[in-house]
Amino acid sequence: MNVPACARDARAPLYTSAYLRYALVVLCLVYVVNFLDRQILAILLQSIKKELRLTDAALGLLSGTAFGLFYATLGIPIARLADRFSRKVVIAVCLALWSLMTIVCGAAGSFAALLACRIGVGVGEAGGSPPAHSLISDYFPPERRATALAVFALGVPFGMLIGYSVGGWLDETVGWRLAFAAAGAPGLVLSLVVALTLREPPRGHSEGLAAADAAAPTTAEVLRFLWRSRSFRHVAIGSALNGFSAYSTVTWAPAFLIRSHGMGTAETGAWLALLIGIVGAAGNALGGVLGDRWARTEIRSRVWLPGLAIASGFPFALVIYTAGERRIALAALAGSMFIGMACQAPQFAAVQFLAPPRMRATAAGVLLFAVNIVGLGVGPVLTGTLSDAFAPRYGAASLARALLAVSTVLVWAGFHFFLAGRTFAADVENARRADEGAERPLQSASP
């Protein structure tokens with residue numbers, strides 16, 4: 001494998017603490033807009049269903065498959081661009097594209113038109129996370145990487161908070177079409193901020209390294225390297241299974257609360273904003289800090305922690321979807337969101353340790369491909385299909401039964417993270433040696 005050698009570079013730029021905080025906040029805001037534009041559809045599903053007269057399967061196609069297939073498949077080639085060219089430019093262009101397509105969603109007059117617009121959103125958002133993960137890994141040293149990625153990952157709960165609360169309010173006051181326009185507009189301004197104010201660090205900057213002037217590894221070389229890492233394979237599988245359940249939950253949670261507990265869209269949006277935006281954010285922050293602290297004494301904790309958090313989600317799901325009392329369901333949903341968000345930063349940080357600097361954006365893109373092709377591409381539409389199939393027997397409770405069924409994969413997902421722990425230390429060392437231009441990488445421990 002032709003991996004470029006890295007060497008100490010005294011000319012590498014020094015970034016002040018104030019600038020690093022600023023850059024991290026900007027990237028977090030990009031992620032906020034990412035999830036705002038992605039998830040606002042969830043709170044609007046019931047209104048869209050009524051106006052366009054759609055089935056749950058069609059809604060699942062809109063919210064999951066149409067977005068997820070393009071988001072997942074284009075993530076890797078766009079990540080390859082980010083590994084070769086300016087990452088901030090990739091982020092700025094993609095941000096402007098998905099924001100514009102979100103605005104256009106509000107003008108859709110048919111299922112086909114809305115489907116095309118959601119595809120456009122997916123195409124743009126494919127270039128958001130992988131370049132950001134790579135930038136953050138070069139801005140912050142390894143011992144602070146999970147914490148920095150946890151701050152970045154706050155974009156998930158905060159984006160959902162705004163999407164659910166403001167989206168639900170706008171839906172009831174001005175309608176779902178103007179809600180889309182309001183969600184997309186901030187991203188156009190933010191794309192200019194990214195392009196004009198962020199700086200591009202050298203690859204490997206946080207480790208005190210700068211990539212030599214050599215050709216970047218090819219896509220095939222990167223994929224072969226990642227495939228040889230048993231830890232990466234298990235993390236990808238576990239993350240994909242977790243995404244299958246998680247995306248089904250965040251997509252259908254508003255409709256579930258409306259149908260099973262008689263809540264309006266504004267009330268539903270307010271509760272989900274609280275549970276995901278506040279409780280979820282607290283779990284996310286704890287996961288990042290705990291991940292870095294635990295790893296000081298046990299490097300395998302970088303995969304054990306997300307595995308434990310993911311597997312613990314199933315008991316909460318059992319209560320959420322079987323409880324007859326609204327308060328019990330909401331309390332269990334709060335617990336589920338707390339531990340569910342705690343796994344986000346550690347699982348993405350683990351992948352950054354398993355790849356050399358020149359491969360990190362692509363590694364994040366491959367992980368996101370696995371998560372989104374299974375999670376977004378299959379999860380919501382399968383949940384909607386199951387809900388339609390269960391309707392003759394369970395009536396309004398059919399969606400709850402469908403969500404409970406897809407939640408059973410959480411235990412399976414967590415198990416793969418524990419398997420990853422068996423080879424994680426050796427695979428991290430492989431990445432380090434490849435970064436230094438070693439002729440032959442170490443072999444992973446036995447699976």
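## Rings, hollows and a pocket

R145 sits over the face of F353, 5.0 Å from the centre of the ring. That's a handy place to start walking through this structure, which is a predicted model. You can find a second arrangement of this kind with R38, which lies over the face of F35 at 4.2 Å from the ring centre.

From charges over rings, let's move on to rings beside rings. A pair of aromatic rings is described by how far apart the centres are and by the angle between the planes. How many aromatic pairs does a search of the whole structure find? The search turns up eight. Take Y19 and Y139, one of these pairs: their ring centres are 6.0 Å apart and their planes stand at 75°, which is over the 60 degrees needed, so the pair counts as edge-to-face. Y19 belongs to helix 1 (residues 17-52) and Y139 to helix 5 (residues 129-139), so this pair ties together parts of the chain that are 120 residues apart in sequence. Are these two tyrosines buried or exposed? Y19 has a relative accessible area of 7%, and because anything under 20% counts as buried, Y19 is buried. Y139 comes out at 4% and is buried by that rule too. Y22 joins in as well: Y19, Y22 and Y139 form one aromatic cluster.

Now look at W176 and F180. Their ring centres are 6.0 Å apart and their planes are at 85°, so this pair is also edge-to-face. Here both partners lie in helix 8 (residues 176-197), four residues apart, or about one turn of the helix. W176 and F180 are both buried.

Next come the empty spaces. Rolling a probe the size of a water molecule over the atoms shows where there is empty space left. How many cavities of 30 Å³ or more does the count give? There are three. The largest cavity has a volume of about 550 Å³. Its lining takes in 34 residues, and those lying nearest the centre are N242, A246, Y247, G340 and Q344. Plenty of helices take part: helix 1, helix 7 (155-173), helix 10, helix 12, helix 13 (313-320), helix 14 (326-342), helix 15 (344-353) and helix 16 each give two or more residues to the lining of the largest cavity. Which of the elements gives the largest share? Helix 10 does, with eight residues. As for chemical character, the lining of the largest cavity has 21 nonpolar residues, 12 polar ones and one charged one.

The second largest cavity holds about 60 Å³ of space. Around this cavity you'll find Y31, H133, L149, F152, A153, V156, Q344, A345 and F348. Helix 6 (145-153) and helix 15 each supply at least two of the lining residues. Seven residues of this lining are nonpolar, two are polar and none is charged. Q344 is worth a second look if you're clicking through the model: this glutamine is among the residues nearest the centre of the largest cavity, and Q344 also lines the second largest cavity.

Pockets are the open counterpart. The second largest pocket has a volume of about 190 Å³. L223, L226, W227, F232, R233, A236, I237, V366 and A370 make up its lining. Helix 9 (219-228), helix 10 (230-261) and helix 16 (360-394) are the elements that give two or more residues to this pocket. What is the largest share, and where does it come from? Four residues come from helix 10, the helix that also gives the largest share to the lining of the largest cavity. The pocket lining divides into eight nonpolar residues, no polar ones and one charged one.

Two more residues round off the tour. S301 is in helix 12 (residues 301-311), and with a relative accessible area of 1% this serine is buried. A polar atom of the S301 side chain lies 2.7 Å from the backbone oxygen of E298. Farther along the chain, H416 sits in helix 18 (residues 409-420). H416 has a relative accessible area of 10%, so this histidine is buried. Between the C-alpha atoms of H416 and V121, which are 295 residues apart along the chain, the separation is 31 Å.

Conventions. Residues numbered from 1 in each chain as written. Predicted model: local features only at pLDDT ≥ 70, side-chain atom pairs only at ≥ 80, totals over all residues. Heavy atoms only, no water. 1 Å grid on protein atoms, 1.4 Å probe; cavity = no way out; pocket = protein on both sides within 12 Å on 5 of 7 lines; lining within 4 Å. Points joined across faces, edges and corners; volume = space filled by probe spheres on them. Nonpolar A, V, L, I, M, F, W, Y, C, P; charged D, E, K, R; others polar. Phe/Tyr/Trp six-rings, centres within 6.5 Å; stacked < 30°, edge-to-face > 60°. Buried < 20%, exposed > 50% of the residue type's maximum accessible area, 1.4 Å probe, protein only. Lys NZ or Arg CZ within 6 Å of the ring centre and 35° of its normal. Polar contact = N/O pair within 3.5 Å; in protein donor to acceptor, adjacent residues only side chain to side chain.
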